[in-house]
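Here is a short set of exercises to work through with the model open beside you. Try each task before reading its solution.

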Amino acid sequence: MKVLLLKDPKDKESGADPYIQELGLYRFEATLIPVLSFEFISLESLFEKLSHPECYGGLIFTSPRALEAITICLKEKSKNEAWSKSLKQKWNTKPVYVVGKATASLVEEIGLTPQGEKSGNAEKLAEYICSREKPNSSALLFPCGALKREVLPTVLREKGIRLESLTVYQTTQHTHLQESLSSYFSQQGIPASIVFFSPSGVKFCFQHIQKLSGDFINHIKFAAIGPTTAEAMEAAGIPVSCTAESPTPQDLATGIQKALHLHNC
């Protein structure tokens with residue numbers, strides 16, 4: 001059975017994408033189609049803030065792209081030296097809150113220790129942060145995307161926990177998305193399941209998928225990587241057959257198998 005994953009390939013150059021690997025264990029033939037392109041902005045402002053850990057109570061990351069912005073900064077020799085020499089150690093005395101294993105892994109790559117990765121979504125991470133932070137303490141620095149949801153900032157604000165957001169990337173549709181979708185459907189036919197990995201993916205892909213699937217769209221089991229994406233799918237009128245219990249390859253593969261074989265999750 002074919003599964004179409006609407007996501008970028010694994011960032012690292014070596015090894016297969018973990019979602020393709022895991023679905024392969026269930027004998028699914030999975031294909032990735034990149035949906036999004038990212039433009040990084042305000043990188044000088046980002047590193048300026050990272051250069052003053054004494055001004056903040058900690059960091060929040062809800063997206064791997066925010067870590068990618070930091071990685072781009074650290075490619076510059078002087079910034080990398082400053083980070084390695086003292087900044088990394090100073091930030092490591094403060095909490096670094098994250099959503100999901102992918103983001104946690106990238107936090108570890110820059111030498112920091114993540115916490116809260118099992119939260120799974122922004123709502124649960126906000127609860128986790130509120131259970132650990134005191135009102136009116138130093139602000140938490142939150143590098144984020146232009147399309148960030150307001151759930152986390154709203155919850156923290158209501159609890160009196162200060163947050164300083166900085167937009168470090170913008171999301172646009174991948175240049176070859178429409179072409180890639182058309183090619184997939186013409187060569188491989190209608191997949192048994194299609195997985196959305198973000199609300200932006202829903203926004204950019206669904207109309208194309210409707211046109212390409214025609215009357216066969218009712219045969220497709222649509223899956224979501226998490227509750228936020230599932231909400232966006234429902235808002236777009238997409239029947240959600242499965243939502244992964246947590247945003248991991250294992251939980252997604254288990255959910256898709258149940259959706260396809262038991263017709264529910």
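**Exercise 1. Into which domains is the protein chain divided?**

Before starting, note that this is a predicted model, in which local features need pLDDT of at least 70, side-chain atom pairs count only at pLDDT 80 or more, and totals for chains, interfaces and linings use all residues. Residues are numbered from 1 along each chain as its sequence is written, and side-chain values use heavy atoms, with hydrogens and water left out.

Step 1. The chain is divided into domain 1 (2-35 + 174-262) and domain 2 (39-171); such bounds come from an automatic or database domain assignment.

Step 2. Between the C-alpha centres of the two domains lie 28 Å.

Step 3. Ten residues of domain 1 are in contact (heavy atoms within 4.5 Å) with ten residues of domain 2.

Step 4. Together the domains bury about 790 Å², with 49% of it on carbon and sulfur atoms. Buried area here is the accessible area (1.4 Å probe) that two parts lose on being put together, summed over both.

**Exercise 2. Work out the strand order of the six-stranded open sheet.**

Step 1. Helices (H or I, at least four residues) and strands (E, at least two) are DSSP runs, numbered from the N terminus. Two strands pair if DSSP finds at least two bridges between them.

Step 2. The order is β3-β8-β7-β4-β5-β6, with mixed pairing. At the edges are β3 (36-40) and β6, each pairing on one side only.

Step 3. Now look at β4 (residues 58-61) and β5 (residues 96-98): they run parallel and are joined by three bridges. Phe61 has Val98 in β5 as its bridge partner.

Step 4. Add helix α7 (residues 151-158), which lies across β4, β7 (140-145) and β8 (163-173) and runs at about 170 degrees to β8. Axes are lines fitted to C-alpha atoms, for helices over the stretch in contact, and angles run from 0 to 180 degrees between N-to-C directions.

**Exercise 3. Place Asn121 and describe its surroundings.**

Step 1. Asn121 sits in the loop between β6 (114-115) and α6 (122-130).

Step 2. Asn121 is buried (under 20% relative accessible area; exposed is over 50%, partly exposed in between; 1.4 Å probe, protein chains only), at 10%.

Step 3. Leaving aside residues up to four places away in sequence, Asn121 touches Val99, Pro227 and Thr228.

**Exercise 4. Why is Cys73 not in a disulfide?**

Step 1. A disulfide is a pair of cysteine sulfur atoms within 2.5 Å.

Step 2. The closest cysteine sulfur to that of Cys73 is in Cys144, 14 Å away, which is too far for a bond.

Step 3. The structure holds zero disulfides.
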